[in-house]
Amino acid sequence: MIGSFEGFSMSQQAQIAVIYGSYRDHRRGIHVANFVVDQLKTLCKPVFVDAKVFDLPMLNKMYKEFESGAAPDNMSRLSDLLKESDGFVVVTGEYNHGLPPGLKNLLDHFQKEYYFKPAGIVSYSAGSFGGVRAAIHARAVLGELGMVTISSMFPFPSIRKTFNESGTPEDPKMEERFKKFARELIWYAEALKIKRSEGTPY
């Protein structure tokens with residue numbers, strides 16, 4: 001099955017993990033994460049990674065540092081899911097100009113699972129900048145973890161006004177604007193998937 005728009009066709013075989021990291025009781029960002037997953041369903045195979053659901057411990061040992069079969073089950077399941085993914089969308093709020101601690105903690109437990117795969121950054125905040133300062137921080141972190149971050153970013157400013165209580169975007173044009181971001185990410189995901197099949201530098 002093929003999804004296409006504006007003359008650009010994409011296979012639905014690419015798996016994209018949407019990684020979201022807020023632990024707050026009243027999570028406004030969950031609307032953003034759900035929007036991203038819903039939009040990607042027509043273009044690829046999205047899987048939702050909610051840090052609060054996986055609830056990894058505060059970082060002591062990375063997954064790779066455990067003896068075979070000794071890692072916690074939730075960590076092993078998440079490692080497999082990330083390995084199977086061809087790219088990532090990282091959905092981040094902005095906490096004091098930085099990443100939410102739950103998101104950073106989840107990301108830091110893994111490394112090889114991310115190598116030579118693209119990542120797109122979606123950010124949000126209560127203010128008018130839409131979390132872009134955290135997005136810049138995320139770009140440095142994701143690059144260090146081995147991901148290739150795409151040039152486009154997708155910020156959501158004034159998050160309390162962006163979605164209604166049911167999670168529907170107030171702006172009907174938001175879906176159309178998301179297409180450019182999604183198209184770039186999936187293009188890289190499919191291109192790098194081919195190159196990984198031919199071998200990687202290390």
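Me: A charge is said to sit over a ring when NZ of Lys or CZ of Arg is within 6 Å of the ring centre and within 35 degrees of the ring normal. Why is the charged end of Arg24 described as sitting over the ring of Tyr95?

Reply: The charged end of Arg24 is 4.9 Å from the centre of the Tyr95 ring, which meets the distance limit for such a contact. Lys61 is a further case: it lies over the face of Phe66, at 4.4 Å from the ring centre. This is a predicted model, in which local features need pLDDT of at least 70 and side-chain atom pairs count only at pLDDT 80 or more, while totals for chains, interfaces and linings use all residues. Residues are numbered from 1 along each chain as its sequence is written, and side-chain values use heavy atoms, with hydrogens and water left out.

Me: Why is the pair of Phe154 and Phe178 called edge-to-face?

Reply: Rings of Phe, Tyr and Trp (its six-membered ring) pair if their centres lie within 6.5 Å, and planes under 30 degrees apart count as stacked, over 60 as edge-to-face and the rest as tilted. Phe154 and Phe178 are 5.3 Å apart centre to centre, with 75° between the planes. The distance therefore qualifies them as a pair, and the angle as edge-to-face.

Me: What makes this pair a link between parts separated in sequence?

Reply: Helices (H or I, at least four residues) and strands (E, at least two) are DSSP runs numbered from the N terminus. Phe154 belongs to strand 7 (residues 147-156) and Phe178 to helix 7 (residues 174-197), so their pair ties together parts that are 24 residues apart in sequence.

Me: How do you know whether Phe154 and Phe178 are buried or exposed?

Reply: Buried means under 20% relative accessible area, exposed over 50%, and partly exposed in between (1.4 Å probe, protein chains only). Phe154 has 9% and Phe178 has 2%, so both residues are buried.

Me: Why is the pair of Phe178 and Phe181 called tilted?

Reply: The ring centres of Phe178 and Phe181 are 5.4 Å apart and the planes stand at 45°. That angle falls between the stacked and edge-to-face limits, so the pair is tilted. Phe178 and Phe181 are 3 residues apart in helix 7, which means a separation of about one helical turn. Phe181, at 3% relative accessibility, counts as buried. Ring pairs also join Phe178 and Phe181 with Phe35, Phe154, Phe156 and Phe163 in a cluster. The whole structure holds 15 aromatic pairs.

Me: What makes the contact of Glu94 with Arg133 a salt bridge?

Reply: A salt bridge is a side-chain nitrogen of Lys or Arg within 4 Å of a carboxyl oxygen of Asp or Glu. The closest N and O atoms of Glu94 and Arg133 are 2.9 Å apart, so the contact qualifies. This salt bridge links distant parts of the chain, 39 residues apart: Glu94 in the loop between strand 5 and helix 4, and Arg133 in helix 5 (residues 132-144). Glu94, with a relative accessible area of 17%, is buried, whereas Arg133, at 37%, is partly exposed.

Me: How do you know that Lys104 and Asp108 form a salt bridge?

Reply: Their closest N and O atoms are 2.6 Å apart, a distance inside the salt-bridge limit. Lys104 and Asp108 are 4 residues apart in helix 4, or about one helical turn. Arg177 and Asp171 also form a salt bridge, at 3.0 Å between the closest N and O atoms. Both of these residues are partly exposed, Arg177 at 44% and Asp171 at 28%. The search of the whole structure finds 11 salt bridges.

Me: What makes Asn96 notable in its backbone, and why is it called exposed?

Reply: Phi of Asn96 is near 50°, a positive value in a residue other than glycine. Asn96 lies in the loop between strand 5 (87-92) and helix 4 (101-108). Its relative accessibility is 78%, so Asn96 counts as exposed.

Me: Why is the protein chain called as compact as a globular protein of its length?

Reply: The radius of gyration is taken over C-alpha atoms, and the globule rule is 2.2 Å times the number of residues to the power 0.38. The protein chain has a radius of gyration of 16 Å, close to the 17 Å that the rule gives for 202 residues, so it is as compact as a globular protein of that length. The chain has 7 helices and 7 strands, and buried residues make up 50% of its 202 residues.
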